[in-house]
Every structure is written in structure tokens, then in C-alpha cells.
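Q: I have a structure open on my screen and I don't know how to read it. Can you walk me through some features?

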Amino acid sequence: MRAHAHNDGHGHGALQMGHHHVSSSAMFLNVLVVLLILTVVTVGVSRIDFGPANMLIAMLIASVKASLVILFFMHVKWDTAINKIVFLSSFLFLSLLFVFTLADQATRRIDHPMHVTKAKVSKEWVYPKPAISEKH
Amino acid sequence: MSQDGHHSVVIPAPGPEFVPHTVAHHFDTPVQEFQAAKLGFWLFLATEILLFGGLFAAYFYYHDLYPETFKVGGQQLDWKLGAINTSVLLLSSWTMAMGVRSAQTSQKRKTLMFCALTVVGAAIFMVIKFFEYKAKTEHGLFVFPHMFDGYQVDTATMTGSLPWFTDVHNVMVDATGAPLPHGHLFFAIYVTMTAIHGLHVIIGAGLILWVMKGVAKGRFHAGYYLPVDLVGLYWHLVDLIWIFLFPLLYLVP
């Protein structure tokens, strides 16, 4: 058993499973309230047109919410260094996937008709309704 | 004495309503048992992040290629239902955190109550999801029985059809009424991401019910609450994924 030396105001149980952190109910409730408020903010900002910045703002708020869940609900704030590294490194590897995928897309010359967003859709790409309704 | 001659460590029960926990014989100490399981579970959760991460990468890729298709696609979803489900999951994440806390402090009845509330949250979420899926199927935006039928080409007329995407109300069109490029793409991504997420909700609820059985038997208390803790982490991950899915699918930026 390791000795406990904490002064962050949270309760700690001297438990047989080892070093443990028991968070206060008040803290959990505060986190929940902030998460619900941020959900309202998410809906609110989606109504305002910031252009391409809308995506950035939405992802920023979602990241703050996710951080709250990870740090407090998932107790990562009080977890061991190795567990922090293991879980948080998944986001590092995820960012590699995003960076290389989007870098490829941003630098690719997309002039094939299939890739042109504003292209008029040819007849072949319109799904004919009669062919479907006959089957149902 | 176990077979290999080691004494098993026993964590005593904190009260008469609990049972002692015997540390698995291949662990020297309860701390080692706890940390080994916890590390393994964080590794598993990291793979879950990467599983959903691939789908998010697909979302961002196609959102960038066909922003209007995604915008119109997102408008077909009911953001109010999405917001209700977001709140339900956040609340259930809180009840789960409180459930783990109750187990940590050997409060058997409170642990059971909070776990049960979490399962109720999971049920509400899935019921709402069911009605959302039902409406989308009726509108031909994704027709579940045909979900795995590929693109079908009629060689006589040289026209193609996608049996799972019939768009009966012609909603996937731009301002001029012309069909949007790859109108089915948004719904392919929507249904893949939410169905895999929904599967996690169902599995999570099942795991919580399983853990409740152990709680009822008094197996989890301040001395040993590992399974409650791990199932709690799984449930928070389900919430974590949805925090990103909600704005990306229902409020397409």
C-alpha cells in the first residue's frame, strides 16, 4: 500500500486495491451542469453563420466537453502516468490519420468530374424511382 | 493455497452485505491486479478511439468534398431528437460516474440505483434512435433491409440504382432542385457511425446489467470495485463519441 498525500480537497479511501481517488458528488454534478450548458452552446453557435469557422468552433466545444468527460468522469486526472499515456496517445495517432488524410486531400488536384462539388449530376447518377418502387 | 503453492490474497468484505474478494493467484498484490486490468482496459479503449477515428476521418474527407450534400443531409435529421439524446447520454454518464463512486464508498443500494438509472438512459437513447431510423427508412434515406445491396446497373437503360437509398421525397437536392452529388453519402456515413455507436450503447447497457448482478451479490465494495470501474469507463467512451457525433451529424457545420 502506498501512502496518500493529497491536498486537493477530495476524499480518499485507504483501500486494499491500492491508490484510489474518490471524487466528490458536488464535483461530478458541476461537470454535468457544464456539459449540459455546452450542449446548449453547441446548438446556439450552429445557428450563427461563421462560414468555415463553424466547423472549427463546433469541434472546439466538442473537444472541451470530451476533455471534461475524460479528465473527471473517466478519472484520467488522477490516473497513473502509464494509463494517461496509453489513452491519450490514441488521440495522437488519430491526429496523424487526420493530418495525412486531409493534407493529401488539400493538395490533390481534384478535377475529375466525379470530384467536382458543383458539377451537374449526370442522368446515370440519378437513382430512378420506378425501378425501386416496383421491388417494394 | 493455490495449485502453484502461492497464498491467495483475500480482501475482506467491509460489511455483512458484502463478500470478500480473492485476488487472482497470478497476481502478487491487489494493486497489481487492479493496475494490470486497468492498463489493459485503457489499451482497449485506445483501439475504440481508433475504430471511430477512421469513420470520423471518412466524414471529414467527404464533408470537404461535398459540403452541400452534407449540409442538406444534416437538415434531414431532427436536431431536437439529437439534442435530447445528447442530454440523455450526458446524464447517464453522470449516473455512471456516481455509480462507480458509490461502489468505491461501499454503498450497495446507491450503486444499484445509479447503475439502473444508467441502463434507463441507454434504453431511452435507443428508443429515440429507433424512431429516428424508422422515419429515415420510410423516407428512403436508408432502407435497412437493403443496406448491403450494392449499386445496381440496369444494362438495358444504362441507369443505376441504389436499393438502400431511394430518397422518396426528393430531399437531397440543391436550391435549384437539381440532385446533389452523392446524396447517399451523408446517410451512408450517418448510419454507419450511429449504428456502430448504438451497438456500443447496447453492449454497454448489457455490461452494466451484468455488473449490477455482482453488486447485488455484494461482490463490489471499497476493497474491490474493478469491474464497476471498467464498465464505467466503457460507458463514458460511448458518451465521448456521441459528443462529436451530435454536432457533426445533426448540426453539420
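A: Sure, and let's begin with an idea for helix pairs: the axes are lines fitted to C-alpha atoms over the stretch in contact, and angles run from 0 to 180 degrees between N-to-C directions. Keep in mind that this is a predicted model. Now take helix α4 (residues 108-138) of chain B and α5(B): their axes come within 9 Å and cross at roughly 155°.

Q: Why are α4(B) and α5(B) described as they are, relative to each other?

A: Two packed helices are described by the angle between their axes and the distance between the axes. Angles over 145 degrees count as roughly antiparallel, so α4(B) and α5(B) are roughly antiparallel to each other. Their crossing is left-handed.

Q: Which residues of α4(B) and α5(B) meet?

A: There's a long list, so here are a few. From α4(B), the residues include Leu112(B), Ala116(B), Val119(B) and Phe125(B). From α5(B), they include Val201(B), Ala205(B), Ile208(B) and Met212(B). By class, this contact has 16 nonpolar, five polar and two charged residues.

Q: At what angle do α2(B) and α5(B) cross?

A: Helix α2 (residues 67-75) of chain B and helix α5 (residues 183-216) of chain B cross at roughly 60°, and their axes come within 8 Å. An angle between 35 and 65 degrees falls in the oblique class, so α2(B) and α5(B) are oblique to each other. This crossing is right-handed. On the α2(B) side you'll find Thr69(B), Phe70(B) and Gly73(B), which meet Gly183(B), Leu185(B), Phe186(B) and Phe187(B) in α5(B). Sorted by class, the residues of this contact are four nonpolar, three polar and no charged.

Q: While we're on α5(B), is His197(B) buried, exposed or partly exposed?

A: For this you count C-beta neighbours: a residue is buried with 20 or more others within 10 Å, exposed with 12 or fewer, and partly exposed in between. His197(B) is found in helix α5 of chain B. It has 18 other C-beta atoms within 10 Å, so His197(B) is partly exposed. Leaving out residues up to four places away in sequence, His197(B) touches Ile241(B), Trp242(B) and Leu245(B). You can also compare sequence and space: His197(B) and Val120(B) are 77 residues apart in sequence and 17 Å apart C-alpha to C-alpha.

Q: What should I look for in backbone angles?

A: Most residues other than glycine have a negative phi. Now look at Asp167(B), which has a positive phi of about 45° although it is not a glycine. You'll find Asp167(B) in the loop between β4 and α5 of chain B. Asp167(B) is buried, because it has 23 other C-beta atoms within 10 Å.

Q: Which phi does His75(A) have?

A: His75(A) has a positive phi of about 60°, and it is not a glycine either. His75(A) lies in the loop between α2 and α3 of chain A. With 21 C-beta neighbours inside 10 Å, His75(A) counts as buried.

Q: Where is Val76(A), and is it buried, exposed or partly exposed?

A: Val76(A) is in the loop between α2 (53-73) and α3 (81-107) of chain A. With 19 other C-beta atoms within 10 Å, Val76(A) is partly exposed. Apart from neighbours within four places in sequence, Val76(A) is in contact with Ile70(A), Leu71(A), Lys84(A) and Phe87(A). Val76(A) and Phe87(A) are eleven residues apart along the chain, and their C-alpha atoms are separated by 8.9 Å.

Q: How many helices and strands does chain A have?

A: Chain A has four helices and zero strands. Buried residues make up 18% of its 136 residues.

Q: How many residues does each chain put into the contact between chains A and B?

A: The contact takes 55 residues from chain A and 59 residues from chain B. On the chain A side, α1 (25-46), α2, α3 and α4 (129-135) each supply at least two residues. The most come from α3(A), with 14 residues. By class, that side of chain A has 32 nonpolar, 18 polar and five charged residues.

Q: What does the confidence look like?

A: pLDDT is the predictor's confidence in each residue. For chain B the mean pLDDT is 93, and 97% of its residues reach 70 or more. Among the elements of chain B, strand β4 (residues 159-161) has the lowest mean pLDDT (78), and helix α6 (residues 226-250) has the highest (98). The model scores ipTM 0.92 and pTM 0.87.

Definitions and conventions:
Residues are numbered from 1 along each chain as its sequence is written. Chains are lettered from A and ligands numbered from 1 in the order in which they are written. This is a predicted model: local features need pLDDT of at least 70, side-chain atom pairs count only at pLDDT 80 or more; totals for chains, interfaces and linings use all residues. Two residues are in contact if their C-beta atoms, placed from the backbone, lie within 7 Å. Angles under 35 degrees count as roughly parallel, over 145 as roughly antiparallel, 65 to 115 as roughly perpendicular and the rest as oblique. A crossing is left-handed if the near helix is turned anticlockwise from the far one by less than a right angle, and right-handed if clockwise. Ala, Val, Leu, Ile, Met, Phe, Trp, Tyr, Cys and Pro count as nonpolar, Asp, Glu, Lys and Arg as charged, and the others, Gly among them, as polar. pLDDT is the predictor's confidence in each residue, from 0 to 100.
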